[in-house]
Structures are given as structure tokens and as C-alpha cells.
Amino acid sequence: MPRFFAIIFIEGFCSLGAEVIALRQIIPHLGSSIVVTAPTIAFFLLALALGYHAGAKVAEDYLEVVARNFLIAALLIGVGLAGVGVDLIFASLPPPEIAYLALVTGVLCPIAWLLGQTVPILSNLLQHQRVGEASGQALYYSTLGSFLGSLSLSLLVMQWLGVSAAVALCALLLVVGYALLRARSWTTAIAGITVVALVLITNAWLRPQIETAYASYLVMPVQYNGAINGRALKNNSSFASLIDEAEPPHYARYIRHIRSFLLDDMGFRDRRILVLGAGGFTLSHRETSNHYTYVDIDPAVRTIAETHFLRETANGEFIADDARRFVVRTGQRFAAVLLDVYGSHTSIPGHLVTREFWQATRRVLEADGVLIANLILDSALATPYSRNLLATIESIYGRCAVEVLQKQQQLANVVVICRNGEPPEPVSLFVDERNRADFDFARSR
């Protein structure tokens, strides 16, 4: 009896663990918006329900069926949800929407379907108990496993050991469950050892990224004009920062543009500058004229940048916090606020693009302060997302300066600069019938 409840606990732990891992692994490719997370959860629950239905129809070989399901699920989690497996799916099946469907329907849903069969199948072996008592106890241990799996994987394992460790843990627990269900034999040992070896190779050797609960980082050598031993920091598979060993060092183009604006155009000296989204800490690199505060949700990002990317101490204060929560709660005021926050190459977290967020950024600006936003948008600024995002910012700040840095590319860094001041007045159009252009020009002088 305790063995069966241990199996059911492992099922609950690993099934919800697979969902948490899948949501995390999708972020580098599609971001974490509600239009990605909600369908993922919905597909998972549908597959789980179908698994319950399939498990109820099993009439024999109960232990063999569950053992087989556990071993297949361990392979799907350990390889299919590993970073290298997810990257391979998205690299081989463009566009990303097709790769997403392949990942969810080909990896996540089969895991849910296989593990969902566990409770109804093993309930058949609890015949000396009332049906309600047996199912209640089974659901208790399954839900308890889901509860602990969700918390421990997201708040402990991913935070301290990384996503690959969470993937390996779930897969290895399922192999343990497989071993508990099968009789001791060479076949059982060989099958279990084979899956364990594949899981360890996939998660410990094939993917060189540094993984945390929030992002996957990779520092790689790059060549560009004037660079000496150039290197790039990739954050969730997209280039986040550049640096080299030239004197002075070369940085990413948008960083050079923003540094020039703050130091040359605005002439900032001994001012406080807030950077939301730390990246590689290059905005303040060897810049001692001002005081920088970096806010990033990932507590590990500073250590990673200093050790592997900058190879020296980052200049500025670092605070591990959500950007919106920080600007809402802090009592500090800054001469400039830079927003440079991306969960993937083009995806800003949804709560950092709303009117309410831009209102919150104004409260931390000094009276003559400036907001700077680095956005990745289409270079023509023609898509609904680009037009609506810029309109949302300007609904709070009024007309802002908008500069597209890579005008010949489909996607470009777009630097938006807004000055703090009075709330913008409603606009009116100049028309032939009532042309107020001269009047407005006169009162604007």
C-alpha cells in the first residue's frame, strides 16, 4: 500500500512539474504572455483529462501499464523538455507557432496523458477499501505531489540549481517509480539505466548555457568592427549585450546611443539613473560620472555578468526585484529611467507595457527627468503592437522622440525618449475649415 501511494505522489509531482518546466522552456522562444501560458495550461489539462479516461478503461496488467507509462514519460521529460530538446524543436520547425504546437502536442500532452492514467489504474488495486476512500486517498497523494512539485521546482531547484536540474529530477523520479513497479530483472535495470544516461547527457553535457529560474545565459565570442576579443551575452537565446577589450570598449549600438544621450546631450553628471533590466551592465561600464541602480528579477544576473561577461565588477547598485513592483514601491527619485526588459528576443513582459506601468515610471522621475525605453519593434513601426505600444507611452508622457536604429532590418532597436512634465493635452487636427496652426504655434513659443 505505501508503495502505491509513493507512485501516485511521484505522478503528481512530475506531472505538474512537467507543466512548470514547459512554461519556463517556452519563454526564450515565445515569451511569457497570457496568450502563450493560457493555451499551454489548457492543452495540459485536456491531455490529463484524456489520461484519466484512458486509465479507467485499463482492465489488466495494471503495474506493467503504469511502469511503461512512467518510463516513457521520463524519456519525454528528460529529453523532450530539456533545453537542447526544446531548442531543437524551435530550430527545426519554423515558424515558432508551429514549433510551439509540436512541443505542446508532441511532448507535454503525451506526458500528461501517460501520467494521468496512474490514479484510475492503481485505484483498482485498492479493492479492500471503499471506492470513495480509495479514490480520495489517491487524489490526496497526487495533489500533494503536485503542490510540492510546483513549489520545490520553481522556488528551490530552478533557483539554486537551474532548469536542467529540475528536468533531470522529474525524469529520475519517474525512473524510480518505474523501478518500484517492476520486478527486479536485467531488463528493468537496463531500461532504467538507459533512460537515466540519456537524461544526464542531455541536461548536463549537451547544453552549455547557464540556467536560472528566469533565463538561460550564454557568453560567446563574436566579431564586429573594431572589436578586440569581442564577446556577446545571450539572454534566452537572444543577444542582450556586447563588450570587448578595446580601449575604449565597444558596446551594442543602442547602449552607445543611450550613453551618448545621457552624457553628451543631457550632460548628466552626478545624477541618479535607474536601469530596469540589467542585461550585461554595460550602460555603466567604466562610467563613473553618475550613480546607477539596476533592477532585475533574476538575482543571479549580476554574478553571471561579472564572472562570465564583464570579467570585472559591475558598476552600480543591484536590486533583485520585479521592475513594476520596484517603481511602485520605491521612495527614490531618478534623473533618468531606462527600460530594457525582455523575456525573449521581442517579448516584453505584459505588465511592463500598460498605461498603469508607464504612470508608475513617472512617479520615480525627478521633475526634469527623462524616460528611455529600448524596444524591439518592426523598423517601419507599422504593426498594431508597435503603434499601440508607442501610443500607450505617449498617452502618459506626451510626444516622445522615437529613433529606429536599424532602419533596413525587419526588427530593430527603437529608442524612445520622453521628458517628464505636465500631462499631455488632447490633440486636435489641423484642417482647412478650422486651421489652428498659427494660433497653436504662437502659444507654444
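Colleague: How many aromatic pairs does a search of the whole structure find?
Modeller: This is a predicted model, in which local features need pLDDT of at least 70 and side-chain atom pairs count only at pLDDT 80 or more, while totals for chains, interfaces and linings use all residues. Residues are numbered from 1 along each chain as its sequence is written, and side-chain values use heavy atoms, with hydrogens and water left out. Rings of Phe, Tyr and Trp (its six-membered ring) pair if their centres lie within 6.5 Å, and planes under 30 degrees apart count as stacked, over 60 as edge-to-face and the rest as tilted. A search of the whole structure on this basis gives a number of aromatic pairs equal to six.

Colleague: Which kind of pair do the rings of Tyr140 and Tyr141 form?
Modeller: The centres of the two rings, Tyr140 and Tyr141, are 5.0 Å apart. Their planes stand at 75°, so the pair is edge-to-face.

Colleague: What is the angle between the planes of Phe357 and Trp358?
Modeller: Phe357 and Trp358 are both buried, where buried means under 20% relative accessible area, exposed over 50% and partly exposed in between (1.4 Å probe, protein chains only). They form an edge-to-face aromatic pair with 5.1 Å centre to centre, and the angle between the planes is 65°.

Colleague: Which residues do ring pairs link into a cluster?
Modeller: One member is Tyr141, which is partly exposed at a relative accessible area of 28%. The cluster that the ring pairs hold together consists of Phe5, Tyr140 and Tyr141.

Colleague: Over the ring of which residue does the charged end of Arg271 sit?
Modeller: A charge sits over a ring if NZ of Lys or CZ of Arg is within 6 Å of the ring centre and within 35 degrees of the ring normal. Lys234 lies in this way over the face of Phe239, at 5.1 Å from the ring centre. For Arg271, the charged end is 4.8 Å from the centre of the ring of Phe268.

Colleague: What volume does the largest cavity have?
Modeller: On a 1 Å grid over the protein atoms alone, a cavity is a set of points where a 1.4 Å probe fits but cannot get out, and lining residues have an atom within 4 Å of a point. Grid points are joined across faces, edges and corners, and a volume is the space filled by probe spheres set on the points. The count comes to one cavity of 30 Å³ or more, and the largest cavity has a volume of about 60 Å³.

Colleague: Which residues lining the largest cavity are the closest to its centre?
Modeller: The largest cavity is lined by 14 residues. The closest to its centre are Ile255, Ala278, Thr282, Leu283 and Asp340.

Colleague: In what order do the four strands of the open sheet stand?
Modeller: Strands (E, at least two residues) and helices (H or I, at least four) are DSSP runs numbered from the N terminus, and two strands pair if DSSP finds at least two bridges between them. The edge strands of the open sheet are E1 (210–211) and E4 (238–243), each of which pairs on one side only. The pairing is antiparallel, and the order is E1-E2-E3-E4.

Colleague: Which residue in E11 does Ile372 stand opposite?
Modeller: Ile372 is the bridge partner in E9 of Leu338, and strand E9 (residues 365–378) has eleven of its 14 residues buried. Nine bridges join E9 to strand E11 (residues 411–419), and the two run antiparallel. Within E11, the residue opposite Ile372 is Ile417.

Terms used
1 Å grid on protein atoms, 1.4 Å probe; cavity = no way out; pocket = protein on both sides within 12 Å on 5 of 7 lines; lining within 4 Å.
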